[in-house]
Amino acid sequence: MYRVFEALDELVTIVEEARSVPMTSGCVVPRGDVLELLDEVRDSYPSELDDAQDVLDHRDELVNKAKTEADDSLSTARSEAEKTSSEARAEAEKMLADARERADEIVAQARADAEQTINNARREYEDYIARAQSESDRMVQAGRAAYDQSIHEGRSEQARLVSETEVVQQSQHEAKRVVDEAHEEAERLRSDCDAYVDSRLADFEELLGRTLRTVGKGRQQLRRPMSAPFDYEEWQTSEHGAAVSEH
């Protein structure tokens, strides 16, 4: 292949360096050299090119053969697919039929269980109603008996209370007396409290008077001329007397 490329390069060089024919685009090349190079190119081609040419020559045959084989494979695949689809459809129909049969059995069993449950519940309800009615009748009878007993005891108690009316009246008089004494004691205590509060207020009023007089004297001392000395002993004596009186 290297010689092929080299020969082609020499051919290009010959053509480029060939003498031009005046007034045309042609040129004059040495025929012998060109033919020799072309023979070398032909002899240098690998045998694979001949095989490739043979393949090209038999291309249509190979394409038709491949197409025939592809059609056969496609037909076989379609047949297999149809067969598989038919088998799958049959299997699916069988499974669907089995599922429907199983579902019908489950529904039938569920209905039977539901009817059995309803019957049992109905019997239990009837038994419960019967027991409740019996218990209700028993409670009504017991209530009536208790009511009669209460009426009897009430009447007996009423008779006993009527017989003890005098005791009740005496108790009421005694209670009234105790209440009256309590009111009197409360009035007395309130009067004592008022007297005590009045005496304490009077003492406080006297203390306030003395305090006001002391304050007045202090203000008078403050208003005296600056030359006059502050009579501290007189003011202290007044304050001491007020404190003693307070105690």
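Which exposed residues are carried by the face of H2 turned away from its buried side? In the predicted model, that face carries Arg-31, Arg-42 and Asp-43. The opposite character is found in Val-34, Leu-37 and Val-41, the buried residues of H2. Viewed down the helix axis, these buried residues fall within an arc of 65°, and they therefore line one face of H2. The helix itself comprises the 14 residues 31-44. At 1.5 Å a residue, a span of 20 Å is expected for H2, and the separation of 20 Å between its end C-alpha atoms agrees with this value.

The protein chain as a whole contains six helices and two strands, arranged along the sequence in the pattern α-β-β-α-α-α-α-α. Of its 247 residues, 6% count as buried.

The buried residues of H2 recur in the largest nonpolar core, a set of seven residues in which Val-34, Leu-37 and Val-41 are joined with Val-4, Ala-7, Leu-11 and Ile-14. Both H1 and H2 supply at least two residues of this core. The largest share, four residues, is contributed by H1.

Helix H1 covers residues 2-17 and includes Glu-17. With a relative accessibility of 67%, above the 50% cut-off, Glu-17 counts as exposed. Glu-17 and Cys-27 are ten residues apart along the chain, and their C-alpha atoms are separated by 9.2 Å.

The loop between strand E1 (19-20) and strand E2 (27-28) contains Met-23. The backbone of this residue is noteworthy in one respect: Met-23 has a positive phi of about 70°, although it is not a glycine. Most residues other than glycine have a negative phi. Met-23 also counts as exposed, because its relative accessibility is 86%.

A further surface feature involves helix H4, which spans residues 59-163 and includes Tyr-128. Together with Tyr-125 and Ile-129, Tyr-128 forms a nonpolar patch on the surface. The accessible area of the three residues together is about 350 Å².

In summary, nonpolar residues appear both in the core to which H1 and H2 contribute and in the surface patch formed by Tyr-125, Tyr-128 and Ile-129. Within H2, the buried residues Val-34, Leu-37 and Val-41 contrast with the exposed residues Arg-31, Arg-42 and Asp-43 on the face turned away from the buried side.

Definitions and conventions. Residues are numbered from 1 along each chain as its sequence is written. This is a predicted model: local features need pLDDT of at least 70, side-chain atom pairs count only at pLDDT 80 or more; totals for chains, interfaces and linings use all residues. Side-chain values use heavy atoms; hydrogens and water are left out. The expected span of a helix is 1.5 Å times one less than its number of residues. Buried means under 20% relative accessible area, exposed over 50%, partly exposed in between (1.4 Å probe, protein chains only). The arc is that of the directions from the helix axis to the C-beta atoms. Patches are made of residues with over 30% relative accessible area and no salt bridge: like charges are joined within 9 Å, nonpolar side chains (Val, Leu, Ile, Met, Phe, Trp, Tyr) within 5 Å. Accessible areas come from the Shrake-Rupley method with a 1.4 Å probe; for residues, only the protein chains shown count as cover. A salt bridge is a side-chain nitrogen of Lys or Arg within 4 Å of a carboxyl oxygen of Asp or Glu. A nonpolar core is a set of buried Ala, Val, Leu, Ile, Met, Phe, Trp, Tyr and Cys residues joined through side-chain atoms within 4.5 Å.
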